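Work through the exercises below with the model open. Try each task before reading its solution.

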Amino acid sequence: MLTRTIDQDLFDAYSDDIPTFLKKIYAARGINESHLSLSLVHLLKPNFLQLDVALTLLEQALVNQKRILIVGDFDCDGATASVVAVKSLRMMGAKFVDFLVPNRFEHGYGLSEEIVKLAIQEKQPDLIITVDNGISSFDGVKLAKSSNIQVIITDHHLPSKTLPEADAIINPNLKGCEFLSKNLAGVGVCFYLFSAFKTHLVKCDYFTNHKITLPDLRNVLDLVALGTVADVVKLDQNNRILVDQGIKRIQQKKCAPGILALLEISNRPSATLRASDLGFSVAPRLNAAGRLSDISRGIKCLLTEDMNDARRYAQELEVFNQKRKQEQTRMQDKAQAIVDAQEVTEDKFAISLFDASWHEGIVGIVAGKLKEDYHCPVAVFAQSGNDLKGSIRSIPSVHIKDLLDLVDRQNPDLILKFGGHAMAAGLSIKPENFAGFKQAFANAIQTHFDNQIPKVELLTDGELEAFELSLDNAQLLVDAGPWGQGFDEPIFYGEFELVEQKVVGEKHLKCRLKLKGNTQVFDAIVFFQPPLVSMQVLVAYKLSINSWRGSTSLQLMVERINA
């Protein structure tokens, strides 16, 4: 285990308003005190490239009541971004706004030609706005434009050297874009566009002239928080503001009934909601619909203002989620068997797997689980028509989109198409190219690491004294959130004696731990852990709060336990 180094200059510079316990944690993450404020006034200004063009197009569409179609992605980020766009436009007086999301099994990803044809057939749009996709949709944009449909792309995925010929593209990762945070999720980009559009319309006296109540876009921050957490983007100050403000609205039940219904069905009280609850309870239920069928059910769940409808949609999503869990277990077991059967030397730097029976909507989850287990980039493929569709999950030291760019340049006939960002990517290949891709992928990563397998160490915030293991400090950490990617929740470690242990829920270990050299005993839980033989253990843990029947107590959430 490694311990973070505390920046002493930062530590000394913090004001006395910050408890010493938190000062150590912030200083170890290199956080300036000015970056700790999560007030909306500190949000970055929307200085995107092509923003003025997009605002003019939106104004013309709104004033002339053109038919506006939102085309999203089939995951939680895309679903929340779709709802933000629809709700924002409706609050601004749009009468003809609708959404359409590709079915991954019929239309493929993004603004494909197939989805544009369906849009023309069913929706007859004058303007298409993509959310969380579009930056790689060359053919779809071309077809839309040739059909006299204007196109605004909003996306956060990394662009290639050439761009689709859309009327406007809003993406913080465009070359030359001066927007300082490149880490917005798709829903964050969408929120920024419509926030800027509201400001633009205010300057034009649009709301006054049309007798429309000034919209309060804080009302969609719950959706922005959900999509941002679900897409596991880096929580820089800007994203932490968006997530924090959204979580506070959900805690106060000033949010979409669909979010409350999904929390309800997953037994998560809204009053004590944390970012991790959105990531582990709400998002998977929305994603399950997109993985197995059609994410539009999730969008309808988030769009409705009726709690009874929201509960009905949430129940449908729960059914999908249970099916997803069953299929995921089957696929993970088969994937593990394949890995176990391979020579150890074969997969030092990367793992690539394919099975004809696997479900293409779930390969990303399986890749993510294997990546966590083996600490290397993992590509998992499923059959999709005549091709193989794969998802890759990467580790922090491998920017997977850049690496795929390299593989594609070195092997121009290997990959049909690909896209993504630093930690995740999707791609398509021909079945006969799987072996070639597997080798090229592993070789590229091996070269990236200069033939040296990176040593994986758990990064912690060091050891705590017994008095620091307290409910008060656990609450300080809750209040200091949201924690997440790039703003990691503190993990501590220590030597303990195992006083009691029992298996709960058939596969989790509930135990009591006594800190070495101290008499105090702490409750702890270790997920997916069989009983231990040794009573002397080295434990890496998080401080958490256990709420039960109206009372709260400290509980150690064990990340790793070694005898």
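## Exercise 1: Two residues in one loop

H107 touches P102, S112, E114, I115 and L118, leaving out residues up to four places away in sequence. The model is predicted.

**Task.** Place H107 in the chain and decide whether H107 is buried or exposed. Then do this for N103.

**Solution.**
- Step 1. Locate H107: it sits in the loop between strand 3 and helix 5.
- Step 2. Check its accessibility. The relative accessible area of H107 is 14%. The cut-off for buried is under 20%, so H107 is buried.
- Step 3. Locate N103. This residue is found in the loop between strand 3 and helix 5 (113-122).
- Step 4. Apply the cut-off again. N103 has a relative accessible area of 13% and is therefore buried.
- Step 5. List the contacts of N103. Leaving aside neighbours within four places in sequence, N103 is in contact with G108 and S293.

## Exercise 2: The parallel sheet

**Task.** Which strand order does the open sheet with parallel pairing have, and which are its edge strands? Then follow strand 5 through its partners and its burial.

**Solution.**
- Step 1. Read the order. Five strands make an open sheet, 3-2-4-5-6, with parallel pairing.
- Step 2. Find the edges. Strand 3 (97-100) and strand 6 (168-170) each pair on one side only. From one strand to the next, the twist averages 20°.
- Step 3. Take one side of strand 5. Strand 4 (residues 127-131) pairs with strand 5 (residues 150-154) in the parallel sense over five bridges. I129 has I152 in strand 5 as its bridge partner.
- Step 4. Take the pairing with strand 6. Strand 5 and strand 6 are parallel and share three bridges. Here I153 has I169 in strand 6 as its bridge partner.
- Step 5. Check burial. In strand 5, five of its five residues are buried. On one face these are Q150, I152 and T154; on the other, V151 and I153.
- Step 6. Trace the connection. The chain leaves strand 4, passes through helix 6 (residues 138-146) and enters strand 5. This β-α-β crossover is right-handed.

## Exercise 3: A helix pair

**Task.** How do helix 7 and helix 9 run relative to each other? Which residues meet?

**Solution.**
- Step 1. Take the axes. Those of helix 7 (residues 186-203) and helix 9 (residues 221-230) come within 8 Å. They cross at roughly 150°.
- Step 2. Classify the angle. Angles over 145 degrees count as roughly antiparallel, so helix 7 and helix 9 are roughly antiparallel to each other.
- Step 3. List the contact residues. Helix 7 brings V187, G188 and F191. Helix 9 brings L221, L223, V224, G227 and T228.
- Step 4. Sort the contact by class. Five residues are nonpolar, three are polar and none is charged.

## Exercise 4: The mixed sheet

**Task.** What is the strand order of the mixed sheet? Which helix lies across strand 9, strand 10 and strand 11?

**Solution.**
- Step 1. Read the order. Five strands form an open sheet, 7-8-9-11-10, with mixed pairing.
- Step 2. Find the edges. Strand 7 (351-354) and strand 10 (415-420) each pair on one side only. The twist averages 20° from one strand to the next.
- Step 3. Inspect one pair. Strand 8 (residues 378-384) and strand 9 (residues 387-393) run antiparallel, joined by seven bridges. F381 has G390 in strand 9 as its bridge partner.
- Step 4. Add the helix. Helix 16 (residues 400-410) lies across strand 9, strand 10 and strand 11 (424-429). Helix 16 runs at about 160° to strand 10.

## Exercise 5: Backbone exceptions

**Task.** Where is the cis peptide bond? What sign does phi have at D450 and at F528?

**Solution.**
- Step 1. Recall the rule. Most residues other than glycine have a negative phi, and most peptide bonds are trans.
- Step 2. Find the cis bond. It joins G481 and P482, with omega about 10°. P482 lies in the loop between helix 18 (471-479) and strand 13 (492-504).
- Step 3. Look at D450. Its phi is positive, about 55°, although D450 is not a glycine. D450 is found in the loop between helix 17 (434-448) and strand 12 (459-460). At 58% relative accessibility, D450 counts as exposed.
- Step 4. Look at F528. Its phi is positive, about 55°, and F528 is not a glycine. F528 is in the loop between strand 15 (521-526) and strand 16 (536-548). F528 counts as exposed, at 61% relative accessibility.

Terms used:
Residues numbered from 1 in each chain as written. Predicted model: local features only at pLDDT ≥ 70, side-chain atom pairs only at ≥ 80, totals over all residues. Heavy atoms only, no water. Axes fitted to C-alpha atoms, helices over the stretch in contact; angles between N-to-C directions. Helix = DSSP H or I, 4+ residues; strand = E, 2+ residues; numbered from the N terminus. Parallel < 35°, antiparallel > 145°, perpendicular 65-115°, else oblique. Contact = heavy atoms within 4.5 Å. Nonpolar A, V, L, I, M, F, W, Y, C, P; charged D, E, K, R; others polar. Pairing = 2+ DSSP bridges. Buried < 20%, exposed > 50% of the residue type's maximum accessible area, 1.4 Å probe, protein only. Right-handed = clockwise from strand over helix to strand, strands pointing away.
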